Amino acid sequence: MKKIKSEGKCCYCDKTYSSGGITRHLSSHLNKIETDNSTKKKSYHIKITGGKLYFLHILISEKATFDELDFYLRNIWLECCGHLSSFEIKGTKRSMDYYMEAEEIGIKKATKVGKTFHKDMILEYEYDFGSTTELTIKVVNEYFIENKEKIQLLSRNEPLEILCHTCGKEAAEVLCLLWHESGNMFCESCKETHAEECGGFADYSEMNIVNSPRMGVCAYNGGYIDLERDGIWQKAE
Ligand SMILES: [Zn+2]
Ligand SMILES: [Zn+2]
Ligand SMILES: [Zn+2]
Ligand SMILES: [Zn+2]
């Protein structure tokens, strides 16, 4: 099987870079913005990854709270049925007991990120403590840049080139939640065949292919923002 590559577009110049190259590229823009503007207000360039292929680059104001970051992550990648979530600094052992309220786990969400973040810090984020989606948040750098929007998307991985598991030619558009030896992702036409063979498909096990590390988990069927990049991969004409 062909290895899937992960690339992102730069929000400033619209050029496409590999997941490795985009970080450095964005840094060059941010350095310039910092130099060209004089402010005491701070923003952080953070990179959020889910597995090896999914990433978000965000510029977040020091004034934004973890609540606001949580809300953003839910809207772009995660929200299915209002599960609990947590932020923790990597390496801080979770002291959790059964009597603990969910709100007590990890960093208090009302905290402003500027109180916690510093360059090179790594945090672990979890959404849903049952079928958990784990994300890693890296604070790439801090800048004297004012960010009135509070949270700005700098780049995210473009829809991944996921091909139909049956024909191997067309982009997969749906997946089946049930396990099948021959794979569970289907293009438009192979989907029809699968619907005839698979009992659960029409009733409950059909889900959309979406651009998120929570694809195919619980009731997740796509985000609420940046919708044009949440869809399926499109073959170049
Ligand atoms: Zn650029
Ligand atoms: Zn759910
Ligand atoms: Zn197919
Ligand atoms: Zn099926």
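**Questions and answers on the model**

Colleague: Where along the chain is the place of C10?
Modeller: Numbering runs from 1 along each chain as its sequence is written, while chains are lettered from A and ligands numbered from 1 in the order in which they are written. This is a predicted model, in which local features need pLDDT of at least 70, side-chain atom pairs count only at pLDDT 80 or more, and totals for chains, interfaces and linings use all residues. Helices (H or I, at least four residues) and strands (E, at least two) are DSSP runs numbered from the N terminus. In these terms, C10 belongs to the loop between β1 and β2 (16-18).

Colleague: Which class of exposure does C10 have?
Modeller: A residue is buried with 20 or more other C-beta atoms within 10 Å of its own, exposed with 12 or fewer, and partly exposed in between, C-beta atoms being placed from the backbone. C10 has 18 such atoms within 10 Å, so its class is partly exposed.

Colleague: Which residues does C10 touch, not counting residues up to four places away in sequence?
Modeller: Contact requires C-beta atoms, placed from the backbone, within 7 Å. A64, 54 residues from C10 along the chain, has its C-alpha atom 23 Å from that of C10. With residues up to four places away left out, C10 touches K15, Y17, I22, H25, L26 and S155.

Colleague: How far apart in space are S6 and Y17, C-alpha to C-alpha?
Modeller: S6 lies in the segment before β1 (7-9) and counts as partly exposed because it has 19 C-beta neighbours inside 10 Å. Its contacts beyond four places in sequence are S19, L53, F55, N157 and L160. From S6 to Y17, 11 residues apart in sequence, the C-alpha distance is 8.9 Å.

Colleague: Which element gives the largest share of the largest nonpolar core?
Modeller: A nonpolar core is a set of buried Ala, Val, Leu, Ile, Met, Phe, Trp, Tyr and Cys residues joined through C-beta atoms within 7 Å. The largest has 31 residues, and I48, I58, I60, L69, L73, V113 and Y125 have the most contacts inside it. Two or more residues come from each of α1 (21-36), β3 (43-50), β4 (54-61), α2 (66-78), β6 (122-127) and β7 (133-143). The largest share, seven residues, is that of α2.

Colleague: What arc do the buried residues of α2 cover around the axis?
Modeller: The buried residues of α2 are F66, L69, Y72, L73, I76, W77 and L78. They lie on the same side of α2, because the directions from the helix axis to their C-beta atoms cover an arc of only 150°.

Colleague: Which strands stand at the edges of the open sheet?
Modeller: The sheet has three strands in the order β10-β9-β11, with antiparallel pairing, where a pair needs at least two bridges found by DSSP. Strand β9 (residues 174-176) pairs with β11 over three bridges, and the bridge partner of C176 in β11 is E206. Each edge strand has a single partner strand, so one side is left without a neighbour in the sheet; the edges are β10 (185-186) and β11 (206-208).

Colleague: What is the radius of gyration of the protein chain?
Modeller: The protein chain has five helices and 11 strands, and 31% of its residues are buried. The globule rule, 2.2 Å times the number of residues to the power 0.38, applies to a radius taken over C-alpha atoms. For 237 residues a compact globule would be near 18 Å, which agrees with the value for the chain, 19 Å.

Methods. Contact = placed C-beta atoms within 7 Å.
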